[in-house]
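Reader: Could you take me through one part of this model slowly? I'd like a close look at how the helices pack and at the empty space around them.

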Amino acid sequence: MFEAVGLLTGSPWIYAIVALSVLLDVFLPVLPSGVLVITAATAAAAGSTAATGQIAGSTTVASAAGQVSGEVPSLPALLLCAATASVLGDLAAYRLARRGGEKLDRAIARSRRLVTAQERLGTALSRGGGLLVVIARFAPAGRSVVSLGAGAAHRRVREFLPWSALAAVAWAGYSVGLGWFGGQWLGATWVGVAVSVVALFAAGSVAAYVMRRPAPKPA
């Protein structure tokens with residue numbers, strides 16, 4: 001198992017796999033894109049530590065990668081890859097919902113979450129406060145709900161895109177940061193990865209709670 005993950009994180013293909021996972025999880029929220037980003041960032045942290053001679057002993061994510069290819073992921077490239085794929089995925093869902101036609105409109109109308117998201121998002125964007133888009137990026141399936149909701153409500157792309165880009169950078173930075181600091185503080189072992197993933201899920205739980213709260217009534 002360590003060798004298999006090492007083969008993944010130690011290969012240049014890790015960027016393509018992360019990008020594809022992040023791009024598609026707007027349609028398939030079950031894809032473990034956050035876990036992939038954290039694991040790759042942990043390998044990068046371990047590679048940096050190993051380069052200074054501070055890692056020895058037990059098998060780690062990065063040492064398994066090094067046994068295969070001698071390479072670890074580049075942190076800036078990983079951050080850029082995850083953020084770009086996130087924006088492109090949001091835009092794909094937004095465009096699909098905007099051009100979806102009557103069938104998609106009826107399907108969205110049957111979803112209470114999507115209808116509520118449309119109402120809250122429309123109010124937020126019209127007031128120039130699309131922070132809901134950023135918060136939703138961390139919530140389970142929140143990205144899908146908001147992107148589809150914005151498209152179905154025919155919000156202008158210039159209203160939605162800047163907030164989507166901010167959400168992508170915030171999410172990618174948080175995920176990469178968790179993997180990096182988890183690897184630095186706890187060691188690039190599966191314990192470090194697990195703690196970082198728990199922290200990512202904790203942020204998602206908080207974001208989901210915020211999204212479920214009723215929208216504030218206008219004064």
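Which hand does the crossing of α5 and α9 have?

Author: The crossing of α5 and α9 is right-handed. Keep in mind that this is a predicted model, and that the values here are computed from it. Let's stay with α5 and work outwards.

Start with the pair you asked about. Helix α5 covers residues 75-98, and its axis and that of α9 come within 7 Å of each other, crossing at roughly 45 degrees. That makes α5 oblique to α9. On the α5 side, the contact is made by Ala85, Ser86, Gly89, Asp90, Ala93, Tyr94, Ala97 and Arg98. Facing them from α9 are Arg143, Ser147, Leu148, Ala150, Gly151 and Ala152. Sorted by class, that contact has seven nonpolar, four polar and three charged residues.

Now for the contact with α2, residues 13-24. Here the axes of α2 and α5 come within 8 Å and cross at roughly 30 degrees. Angles under 35 degrees count as roughly parallel, so α2 is described as roughly parallel to α5. This crossing is right-handed too. From α2 you get Tyr15, Val18, Ala19, Val22 and Leu23, and they meet Ala77, Leu78, Cys81, Ala82, Ala85, Ser86, Leu88 and Gly89 of α5. The class count for α2 against α5 is eleven nonpolar, two polar and no charged. Notice some familiar names: Ala85, Ser86 and Gly89 of α5 take part here, and they also turn up in the contact with α9.

The third partner is α10. Its axis is 8 Å from that of α5, and the two helices pack at an angle of about 145 degrees. Again α5 makes a right-handed crossing, this time as it passes α10. The α5 residues involved are Leu75, Leu78, Leu79, Ala82, Ala83, Ser86, Val87, Asp90, Leu91, Tyr94 and Arg95. Their partners in α10 include Phe160, Leu161, Ala168, Trp171, Val176 and Trp180. By class, the contact of α5 with α10 has 18 nonpolar, three polar and two charged residues.

Next, the empty space. The structure holds one cavity of 30 Å³ or more, and the space in the largest cavity comes to about 40 Å³. Look at what lines it: Asp90, Val133, Ala136, Arg137, Arg143, Val146, Ser147, Phe160 and Ala167. Asp90 of α5 and Arg143 and Ser147 of α9 are already on our list, from the α5 and α9 contact. Phe160 you met where α10 packs on α5. At least two lining residues each come from α8 (131-136), α9 (142-152) and α10 (157-186), with α9 giving the largest share, three residues. The lining has five nonpolar, one polar and three charged residues.

Last, the largest pocket, with a volume of about 400 Å³. Its lining has 21 residues, and those closest to the centre are Pro29, Phe138, Ala139, Pro140 and Ala141. Two or more lining residues come from each of α3 (33-51), α9 and α11 (190-212). With four residues, α11 gives the most. By class, the pocket lining divides into twelve nonpolar, six polar and three charged. So α9 links the story together in this sense: α9 packs on α5, supplies residues to the cavity lining and contributes to the pocket lining.

Definitions and conventions: Residues numbered from 1 in each chain as written. Predicted model: local features only at pLDDT ≥ 70, side-chain atom pairs only at ≥ 80, totals over all residues. Heavy atoms only, no water. 1 Å grid on protein atoms, 1.4 Å probe; cavity = no way out; pocket = protein on both sides within 12 Å on 5 of 7 lines; lining within 4 Å. Points joined across faces, edges and corners; volume = space filled by probe spheres on them. Nonpolar A, V, L, I, M, F, W, Y, C, P; charged D, E, K, R; others polar. Axes fitted to C-alpha atoms, helices over the stretch in contact; angles between N-to-C directions. Parallel < 35°, antiparallel > 145°, perpendicular 65-115°, else oblique. Left-handed = near helix turned anticlockwise from the far one by under 90°. Contact = heavy atoms within 4.5 Å.
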